[in-house]
Amino acid sequence: MDVDSAVLALVWGDPPRVLVVRKSCSSESYWACDVALPGGSIEPGERPEETALREAWEESYVHPGLVELLGVAGVESAARGLRRVAVVLARPRGPLDPKPSSGEVDFVGWLSLSYALLEPGEVEHPRRGVVTGVKLPGDLVLWGFTLRVLRMLALKLGVEAGTRASGV
């Protein structure tokens, strides 16, 4: 598998929800203010699954022992094609209490996958200006790579548009 990054798509519930983070808006990172799946660069000697679990722990206090890996759901391009990202699908083994665990992340929550099936439009991103995406509760913006990945997962899991679970 030719990848340099991995994200964890931690899905649970009916209708399905997925764990998302927002990269800190106070950061100078390329990803600042972006809603994302927990993830990052693969370190030497790591498999994508190990990276996804490590990043979920580092970003949202989701302990790897509380996650059941289901496999790699696909590989997507990010950062204008500069990154090849493995999307690692998983589900919780039991109750989780995710929360931001570093200065890298300023929000963690469960997002209904049905949001990914809404028609994207022009929305104001706090850092990037106007982007094509979906405005979420809490002034969050779902767009780009994360929107593409969540749309792919929603379609694979048979999610119907308009079946939103409460909260973000």
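Buried here means under 20% relative accessible area. The views below come from a predicted model.

**View 1. Arg-54 and Glu-55 form a salt bridge.**
The closest N and O atoms of Arg-54 and Glu-55 are 3.0 Å apart. Arg-54 has a relative accessible area of 17%, so it is buried. Glu-55 also counts as buried, at 7% relative accessibility.

**View 2. Asp-97 and Lys-99 form a salt bridge, and a separate set of residues makes up a network.**
Asp-97 and Lys-99 bring their closest N and O atoms to 3.4 Å. Asp-97 is exposed, at 54% relative accessibility. Lys-99 is partly exposed, with a relative accessible area of 38%. Elsewhere, Glu-43, Glu-46, Arg-54, Glu-55 and Glu-58 belong to one network, joined by salt bridges that share partners. The count for the model comes to 15 salt bridges.

**View 3. A salt bridge links Arg-127 to Glu-28.**
The closest N and O atoms of this pair are 3.9 Å apart. Arg-127 sits in the loop between β8 and β9, and Glu-28 sits in the loop between β2 and β3, so the contact ties together parts that are 99 residues apart in sequence. Arg-127 is partly exposed, with a relative accessible area of 36%. Glu-28 counts as exposed, at 73% relative accessibility.

**View 4. Strand β2 is largely enclosed by the rest of the structure.**
The strand covers residues 17-23. Seven of its seven residues are buried, which is why β2 counts as largely enclosed. In a regular strand the side chains alternate between the two faces of the sheet. In β2, Arg-17, Leu-19, Val-21 and Lys-23 point one way. Val-18, Val-20 and Arg-22 point the other way. Residues of both sets are buried, charged names such as Arg-17, Arg-22 and Lys-23 included.

**View 5. Strand β2 pairs with β1, β7 and β3.**
Strands of a sheet pair through backbone hydrogen bonds, either parallel or antiparallel. β1 and β2 run antiparallel and are joined by two bridges. Here Val-11 has Val-18 of β2 as its bridge partner. The hairpin of β1 and β2 has four residues between the strands. In this hairpin, Gly-13 takes a positive phi near 95 degrees. With β7 (residues 105-112), β2 pairs in the antiparallel sense over seven bridges. Val-21 stands opposite Val-108 in β7. Strand β3 (residues 35-36) is joined to β2 by two bridges, and the strands run antiparallel. Arg-22 stands opposite Val-35 in β3.

**View 6. Strand β6 is mostly covered and pairs with β1 and β5.**
β6 spans residues 83-92, and seven of its 10 residues are buried. β1 (residues 5-12) pairs with β6 in the parallel sense, over six bridges. On this side, Leu-89 in β6 is the bridge partner of Ala-9. β5 (residues 67-78) runs antiparallel to β6, and 10 bridges join the two. Val-75 stands opposite Ala-86 in β6.

**View 7. Strands β8, β9 and β10 make an open sheet.**
The order is β8-β9-β10, and the pairing is antiparallel. β8 (121-125) and β10 (140-143) each have a single partner strand, so one side of each is left without a neighbour in the sheet. Neighbouring strands of this sheet are turned by 80 degrees against each other on average, direction ignored. Five bridges join β8 to β9, which covers residues 129-136. Within this pair, Glu-124 stands opposite Val-130 in β9.

**View 8. Helix α2 lies across β9 and β10.**
The helix comprises residues 144-156. α2 runs at about 70 degrees to β10. β10 is one of the edge strands of the open sheet, whereas β9 is placed between β8 and β10 in the strand order.

Methods:
Residues numbered from 1 in each chain as written. Heavy atoms only, no water. Pairing = 2+ DSSP bridges. Axes fitted to C-alpha atoms, helices over the stretch in contact; angles between N-to-C directions. Contact = heavy atoms within 4.5 Å. Buried < 20%, exposed > 50% of the residue type's maximum accessible area, 1.4 Å probe, protein only. Salt bridge = Lys/Arg side-chain N within 4 Å of Asp/Glu carboxyl O.
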